[in-house]
Amino acid sequence: MANETVLVIEDNFDNLELVRFVLSQAGFAVLSATDGRSGLSVAREKLPDMVLLDLSIPEMDGWQVAAQLKGDPATAHICVVALTGHTLPGDRQRAFDSGCDGYISKPLDLPNFVGEIQALLQQSQARRS
Ligand code: MN
């Protein structure tokens with residue numbers, strides 16, 4: 001699965017650097033944005049294989065970003081995965097309702113993180129083929 005591109009939209013610098021490091025080490029090309037509006041424009045321009053989306057981000061929240069990506073035929077195929085500390089009952093469902101294909105809770109479970117990302121990408125590619 002090397003060389004697939006993941007766009008990480010995350011406003012917490014430490015989390016962003018951690019995710020960027022782990023995914024780069026695993027062979028992914030990593031793009032990043034720190035707010036929803038710029039993240040959406042990077043997604044539209046670069047068409048990554050996956051958007052890893054913090055839900056609590058400035059400018060436009062992650063639920064809105066997911067809905068925009070899934071509502072546009074040009075970006076609807078991108079695998080959108082919520083990455084969030086929102087773990088209250090209902091948050092997960094709300095992420096799926098807004099179009100997310102997967103949900104990973106923070107703090108990250110590092111030993112399993114790359115495997116989860118790869119599994120979600122494979123599921124998304126299987127749906128498309
Ligand atoms: Mn955040």
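Visitor: What spacing do the donors of the manganese ion follow along the chain?

Guide: Along the chain, the donors follow the spacing D-x42-D-x1-S. D11 lies in the loop between strand 1 and helix 1, while D54 is in strand 3, so this pair ties together parts that are 43 residues apart in sequence. By the way, what you're looking at is a predicted model.

Visitor: What makes D11, D54 and S56 count as coordinating the manganese ion?

Guide: Here a donor is an N, O or S atom within 2.8 Å of the metal. D11 (OD), D54 (OD) and S56 (O) sit at 2.1 to 2.2 Å, so they pass that test.

Visitor: Why is D54 called buried?

Guide: Buried means under 20% relative accessible area. D54 comes in at 4%, so the label fits. D11 has 39%, which puts it between the 20% and 50% limits, so D11 is called partly exposed.

Visitor: How do you know that E10 forms a salt bridge with K106?

Guide: The closest N and O atoms of E10 and K106 are 2.9 Å apart. The limit for a salt bridge is 4 Å, so the pair qualifies. E10 lies in the loop between strand 1 and helix 1, and K106 in the loop between strand 5 and helix 5, so the bridge ties together parts that are 96 residues apart in sequence. E10 is buried too, with a relative accessible area of 1%. And there's a link back to the metal site: E10, D54 and K106 belong to a network of salt bridges, and D54 is also one of the residues coordinating the manganese ion.

Visitor: What makes R20 and E17 a salt bridge?

Guide: Their N to O distance is 3.9 Å, and the limit is 4 Å, so they count. Both residues lie in helix 1, three residues apart, or about one turn of the helix. R20 is partly exposed at 28%, and E17 is partly exposed at 34%.

Visitor: How many salt bridges does the structure hold?

Guide: Eight. One of them joins D101 and K70, with the closest N and O atoms 2.9 Å apart. D101 is in the loop between helix 4 and strand 5, and K70 is in helix 3, so that pair ties together parts that are 31 residues apart in sequence.

Visitor: Why is there no bond between the sulfur of C79 and that of C100?

Guide: A disulfide needs the two sulfur atoms within 2.5 Å. The sulfur of C79 is 9.4 Å from the closest cysteine sulfur, in C100, so that is too far for a bond. The structure holds zero disulfides. Both cysteines count as buried: C79 has a relative accessible area of 1%, and C100 has 5%.

Visitor: What puts the buried residues on the same side of helix 2?

Guide: Those residues are G36, G39, L40 and A43. They cover an arc of only 100° around the axis, which puts them on the same side of the helix. They pack against strand 1, strand 2, strand 3 and helix 3.

Visitor: What makes D35 a cap for helix 2?

Guide: A side-chain oxygen of D35 lies 3.0 Å from the backbone nitrogen of R37, at the N-terminal end of helix 2. The cut-off for a polar contact is 3.5 Å, so the distance fits. Just after helix 2, L47 takes a positive phi of about 45°.

Key. Residues numbered from 1 in each chain as written. Predicted model: local features only at pLDDT ≥ 70, side-chain atom pairs only at ≥ 80, totals over all residues. Heavy atoms only, no water. Buried < 20%, exposed > 50% of the residue type's maximum accessible area, 1.4 Å probe, protein only. Helix = DSSP H or I, 4+ residues; strand = E, 2+ residues; numbered from the N terminus. Arc of directions from axis to C-beta. Contact = heavy atoms within 4.5 Å. Polar contact = N/O pair within 3.5 Å; in protein donor to acceptor, adjacent residues only side chain to side chain. Donors = N, O, S within 2.8 Å, 3.2 Å for Na, K, Ca; no water. Salt bridge = Lys/Arg side-chain N within 4 Å of Asp/Glu carboxyl O.
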